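Here is a short tour of one model, meant to be read with the viewer open beside you. Please have a look at the sequence and structure before reading on.

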Amino acid sequence: MVFVERQGTGIVDLDNDGWPDILFVSGSVYPEIEKRLPNYPDKCPRIVFRNLGNASFEKLIEEAGPGVAAKHSSRGCAFGDFDNDGDMDILIVNLNEPPSLLRNDLRGNHHWLKVRLIGTKSNRSAIGELLLFK
C-alpha cells in the first residue's frame, strides 16, 4: 500500500535575525486513510525550524503560536510582508478549507529597512538598480 503526502516548504528569515529559518507544512492526499489507519493522520501541525546561527536548528511547533500548532491538511506556502510591518507573514494553502494567513508579529530588537526606488526617466520602476549602504 502506498501513502501519499503533499507538503510545502519555505526558507525565509521569520525572526529578522539574518539567518534563514524553515517552515514545513504537510497533509495526506487521501483524508479517508486516517479512518482505517490512525497512525497516518490526515491533518498535522506546521513546523518551524528556527536557525540558531551555529549550523543548527530548533524545532518549534507550540512555541511558534496557535497558527503553527493547529492541525490542517496543508499543501503549500508563500511568504511576504502582508501587513507591511517589516516581518515575513505566511500564507498556507489547505485541502478542503480556506487558506491560512499567519501574521508574524515579531518582537525583539531586530531591524529592517524598506526602500522604494523611483526612476526619473524611462526606467520608472528603477528595475536593476543597485543600493549601496555605508
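## A phenylalanine at the surface

Let us start with Phe82, which is partly exposed, with a relative accessible area of 47%. Keep in mind that this is a predicted model. Phe82 lies in the loop between β5 and β6. Together with Leu91 and Leu101, Phe82 makes a nonpolar surface patch of about 280 Å². Residues need over 30% relative accessible area to be part of a patch, and Phe82, at 47%, is partly exposed.

## The three-stranded sheet

The strands on either side of that loop belong to an open sheet of three strands, ordered β5-β6-β7 and paired antiparallel. Which strands stand at the edges? They are β5 (74-80) and β7 (100-102); each has a single partner strand, so one side of each is left without a neighbour in the sheet. From one strand to the next, the twist averages 20 degrees.

Looking at one of the pairings in detail, strand β6 (residues 89-94) is joined to β7 by three bridges, and the two run antiparallel. If you would like a point to zoom in on, Ile90 stands opposite Leu102 in β7.

## A covered strand and its partner

Now turn to strand β2, which spans residues 21-28. How many of its eight residues are buried? Six of them are, so the strand is mostly covered.

β2 also has a pairing to look at: with strand β3 (residues 47-51), β2 pairs in the antiparallel sense over three bridges. Here Phe24 stands opposite Ile47 in β3.

## Two cysteines, no disulfide

How many disulfides does the model contain? The count comes to zero. Cys44 is in no disulfide, and the nearest cysteine sulfur, that of Cys77, is 12 Å away. Seen from the other side, the sulfur of Cys77 has its closest cysteine sulfur in Cys44, at 12 Å, and that is too far for a bond. The cut-off behind this reasoning is a pair of cysteine sulfur atoms within 2.5 Å.

Are these cysteines buried or exposed? Cys44 has 19% relative accessibility and therefore counts as buried. Cys77, at 22% relative accessibility, counts as partly exposed. The cut-off that matters here is 20%, because buried means under 20% relative accessible area.

Notes. Residues numbered from 1 in each chain as written. Predicted model: local features only at pLDDT ≥ 70, side-chain atom pairs only at ≥ 80, totals over all residues. Heavy atoms only, no water. Pairing = 2+ DSSP bridges. Helix = DSSP H or I, 4+ residues; strand = E, 2+ residues; numbered from the N terminus. Axes fitted to C-alpha atoms, helices over the stretch in contact; angles between N-to-C directions. Patch = residues over 30% accessible without salt bridge, like charges linked within 9 Å, V, L, I, M, F, W, Y side chains within 5 Å. Areas by Shrake-Rupley, 256 points an atom, 1.4 Å probe, with all protein chains shown as cover. Salt bridge = Lys/Arg side-chain N within 4 Å of Asp/Glu carboxyl O. Buried < 20%, exposed > 50% of the residue type's maximum accessible area, 1.4 Å probe, protein only.
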